[in-house]
Amino acid sequence: MSSERLGLATLDALPSTIRPGYDPRDLAIGLVHLGAGAFFRAHQAMYTDAVVAGGDHRWGIFATSQRSPTVSDILNAQDGLYGVLERSTRNGARGAVVGAVRRAACASADPHAVVDAIADPAVHAVTLTVTEKGYRAQEGQLATTDPEIEADLAGRPPLTVVGQLVRGMQKRDAAGAGPIALISCDNLSDNGSVLRRLVHQFADRLNGNAAPRIGEYIERHVTFPCTMVDRIVPATTDADRADVERLLGVRDDACVVAEPFSQWVIADEFHGPRPAWERAGAVLTDDVAGYEQVKLRLLNATHSLIAYLGGISGYATIAEALCDPSIESAARRLIDDDQIPTLRAPNGLDLRAYREDVLSRFANPALGHTTAQVAMDGSQKLPQRVLSAVRQRRAAGAMPATAALLVAAWMRFLLGRDDQGRRLEVSDPLADRLVPLLSRPAPAREVIRDTVEISGVFGPDLCADEDLLDTIAAWFDALCNHGVAETLRGA
Ligand code: CS2
């Protein structure tokens, strides 16, 4: 195979159906993105790519990876270019090269470059996909005892996302730069409000020493639109890279694969110019919350349930797990019995049709989306995916049994072995604290009480809900002692 690399020098040799419909060199940088992972490359960057292809060349993207220099190095080595391969069940694979990313940097290696990019007066929006834990929040508040936040507040070049944003706003203020939108694109409830709160809390802590004016600047010039983002983007594999190389005729180490479906709902709160993302299919609305709740509770929560039950059963991918009839019916029970009753459908959305769409997207075997990937960081994901709905159901006097199963399955997954005794890939920031508790040889009810209390993700109300804890403990006990298949039999 060719060892030539994708880049501006090899662009002209690409098939015209795959090349960007513009010359990437013509773009000015107008956007910054924090968290240049696969999801960003297959989602926000593609919407922007369509906008610049329409002739508005102000919106080239400066993309930053937070920790790994590899991503930014690869993007720079390819002049920001990369391919996206859409894999569908029916129509095989379709590729395109995106040219909207013009520069990349790694925030931990060069925090000044990130702050300077945010402060550039030509930049009018910063988008973020930094995952739930990247916000360094505890129950929605800035984690001020987090050593990284403390160090950023003490004035080192900022290595946290919130620190980078606030330092960027300080520089914009000093330079008299115009309005900017800071746009969270992570799967958090009310993500824009969470980001606004964290940015203000960080700025307030600076007050009194370095920056008395910064809170006021943010109040006047900065908006925090909420968004709902949706596209299934599995981690790229060597086989994907080989497929893309065959398609492009050159090597592409930054390529990503994704399902054909893509959705972006954005609150229309901008004081300055912005890309006309609606021309690329985004929905600008004043009701993001409705879409976001539906997506978090029906898609993401169900994804997590399938990932944990599937992973413990030994299935490598979400699609394989969903072929197991008992896992599929658990997924349906979670949606129908525990989640739909808590939702208000935005714009007359048909929630049962939405359920069918989600399940058929999950069943796409061409994606190879692994249960291990979706299982990651459960402690950060469960509150907005399932615990807020649990609260609503409990307040309505109901016991959300399958939601309790999801919590128990997350805990059982953390033990790190599947039902056949094979090792599971566990990655969760709370694993070190919780695994010793979960693996104690004590009655399930005690184990669950201690885990729930110490985890800090359930809140005092759920910790005090004896019936709920009994239900979680019964599932946990069954999963540990009888395995998934036996537990779901008769459920
Ligand atoms: C998944 C999401 O990994 C996960 O937790 O549930 O990344 C999911 O694929 C996306 O939110 C789909 O839009």
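**Two domains, a shared core and a ligand between them**

In this structure, 21 residues of domain 1 are in contact with 23 residues of domain 2. On the domain 1 side of that meeting place, β3 (82-88) and β11 (227-230) each put in at least two residues. Sorted by class, the residues on this side come out as eight nonpolar, seven polar and six charged. It's worth saying straight away that the model is predicted. As for where the pieces begin and end, the chain splits into domain 1 (8-286) and domain 2 (289-489). Taken over C-alpha atoms, the centres of domain 1 and domain 2 sit 29 Å apart.

Next up is the ligand. The residues around the ligand are N187, D230, R231, I232, N300, H303, Q373, V374 and K381. Two elements, α11 and α15 (371-375), give two or more residues each to this shell. Split by class, the shell has two nonpolar, four polar and three charged residues. Because domain 1 (8-286) and domain 2 (289-489) both hand residues to the shell around the ligand, the ligand lies between the two domains.

Then there's the inside of the protein. The largest nonpolar core has 151 residues, and L406 and A409 are the ones that touch the most other members. Helix α11 (residues 288-313) gives this core its largest share, with 13 residues. Neither domain is left out, as the core takes at least three residues from each of domain 1 (8-286) and domain 2 (289-489). So what does A409 touch, not counting residues up to four places away in sequence? The list is L305, Y308, L309, I312 and L479. Helix α11 turns up in two of these stories: 13 residues of the core come from it, and it is also one of the elements giving two or more residues to the ligand shell.

One loop residue rounds off the picture. A100 sits in the loop between β4 (92-98) and β5 (101-106). Is A100 buried or exposed? With 28 other C-beta atoms within 10 Å, A100 counts as buried, because the cut-off for being buried is 20 or more. Setting aside its neighbours within four places in sequence, A100 is in contact with L27, A45, T48, D49, V52, W59, G60 and I61. A53 makes a handy example of how the chain folds back in space: A100 and A53 are 47 residues apart in sequence, and their C-alpha atoms are 9.0 Å apart.

Technical notes. Residues are numbered from 1 along each chain as its sequence is written. This is a predicted model: local features need pLDDT of at least 70, side-chain atom pairs count only at pLDDT 80 or more; totals for chains, interfaces and linings use all residues. A nonpolar core is a set of buried Ala, Val, Leu, Ile, Met, Phe, Trp, Tyr and Cys residues joined through C-beta atoms within 7 Å. A residue is buried if 20 or more other C-beta atoms lie within 10 Å of its own, exposed if 12 or fewer, and partly exposed in between; C-beta atoms are placed from the backbone. Helices (H or I, at least four residues) and strands (E, at least two) are DSSP runs, numbered from the N terminus. Domain bounds come from an automatic or database domain assignment. Two residues are in contact if their C-beta atoms, placed from the backbone, lie within 7 Å. A residue is near a molecule or strand if its C-beta atom, placed from the backbone, lies within 6 Å of it. Ala, Val, Leu, Ile, Met, Phe, Trp, Tyr, Cys and Pro count as nonpolar, Asp, Glu, Lys and Arg as charged, and the others, Gly among them, as polar.
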